[in-house]
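I had a new chain to look through today, so I opened it and kept notes as I went. Here they are, in the order I looked things up.

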Amino acid sequence: MEAYRSLVDAATNITKQTTSIDDSLRLFDEGMKDAERCTKMLDEAEQKIEIYTKEGK
């Protein structure tokens, strides 16, 4: 959940008009890393659900 919160914070800060271009680029890079972590967590959760679903049948 920390990666998701960080991603939301980065997106929020990027959209502020007071954020500099350099900071926006840094936040974008960090946000992309957070998005990758979130995707990995979701993929792992999906795999677990598939395993549990197959075991339950």
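What follows are my entries, from the whole chain down to single residues.

**Entry 1: overall build**

First thing to write down: this is a predicted model. I checked the secondary structure and got two helices and zero strands for the chain. Helix α1 takes in residues 2-14, and helix α2 takes in residues 21-56.

Then I looked at the dimensions. I found a radius of gyration of 16 Å, where a compact globule of 57 residues would come in near 10 Å. The C-alpha trace spans about 55 × 15 × 15 Å along the principal axes.

**Entry 2: surface and charge totals**

How much of the chain is buried? I get 14% of the 57 residues. The exposed area of the chain is about 5000 Å², and 57% of that comes from carbon and sulfur atoms.

I counted charges as well: 9 positive side chains and 13 negative ones. The centres of those two sets sit 4 Å apart.

**Entry 3: salt bridges**

How many salt bridges does a search of the whole structure find? It turns up three. I went through them one by one.

I started with D23 and R26, which form a salt bridge with their closest N and O atoms 3.8 Å apart. The cut-off for a salt bridge is within 4 Å, so I could keep this pair on my list at 3.8 Å. Both residues are in helix α2, three residues apart, or about one turn of the helix.

R26 turned up again with E30, and here the closest N and O atoms are 3.1 Å apart. This pair is also in helix α2, with a separation of four residues, again about one turn of the helix. So I noted D23, R26 and E30 down as a network, linked by salt bridges.

Are these network residues buried or exposed? D23 is partly exposed, because its relative accessibility is 34%. R26 is partly exposed too, at 41%, and E30 gets that label at 35%.

The remaining entry on my list was R37 with D34, whose closest N and O atoms are 2.0 Å apart. They are both in helix α2, three residues apart, about one turn of the helix. I looked up how covered each partner is: R37 is partly exposed at 45% relative accessible area, whereas D34 counts as buried at 3%. Buried means under 20% here, so D34 qualifies.

**Entry 4: surface patches**

Which residues form the negative surface patch? I have D43, E44, E46 and E50. I picked E46 for a closer look. E46 is in helix α2, and it is partly exposed because its relative accessibility is 45%.

I also found a nonpolar patch on the surface, made by M1, Y4 and V8. Together these residues have about 330 Å² of accessible area. Y4 belongs to helix α1. At 48% relative accessibility Y4 is partly exposed; exposed would need over 50%, so Y4 stays in the middle class.

**Entry 5: pairs far apart in sequence**

Last, I looked at residues from the two helices against partners elsewhere along the chain. A3 is in helix α1 and counts as buried, with 10% relative accessibility. How far is A3 from C38 in space? I get 6.4 Å, C-alpha to C-alpha, though the two are 35 residues apart in sequence.

D29 was the other one I checked. D29 is found in helix α2 and is partly exposed, given its 46% relative accessibility. The C-alpha atoms of D29 and A10 are separated by 9.4 Å, with their positions 19 residues apart along the chain.

**Entry 6: what I'm keeping**

For my own recap: two helices, zero strands, and three salt bridges. D23, R26 and E30 make up the salt-bridge network, and R37 pairs with D34. The patches I'm marking are the negative one with D43, E44, E46 and E50 and the nonpolar one with M1, Y4 and V8.

Methods: Residues are numbered from 1 along each chain as its sequence is written. This is a predicted model: local features need pLDDT of at least 70, side-chain atom pairs count only at pLDDT 80 or more; totals for chains, interfaces and linings use all residues. Side-chain values use heavy atoms; hydrogens and water are left out. The radius of gyration is taken over C-alpha atoms; the globule rule is 2.2 Å times the number of residues to the power 0.38. Buried means under 20% relative accessible area, exposed over 50%, partly exposed in between (1.4 Å probe, protein chains only). Accessible areas come from the Shrake-Rupley method with a 1.4 Å probe; for residues, only the protein chains shown count as cover. Lys and Arg count as positive and Asp and Glu as negative; His and the chain ends are not counted. The place of a charge is taken as NZ of Lys, CZ of Arg, CG of Asp or CD of Glu. Patches are made of residues with over 30% relative accessible area and no salt bridge: like charges are joined within 9 Å, nonpolar side chains (Val, Leu, Ile, Met, Phe, Trp, Tyr) within 5 Å. A salt bridge is a side-chain nitrogen of Lys or Arg within 4 Å of a carboxyl oxygen of Asp or Glu.
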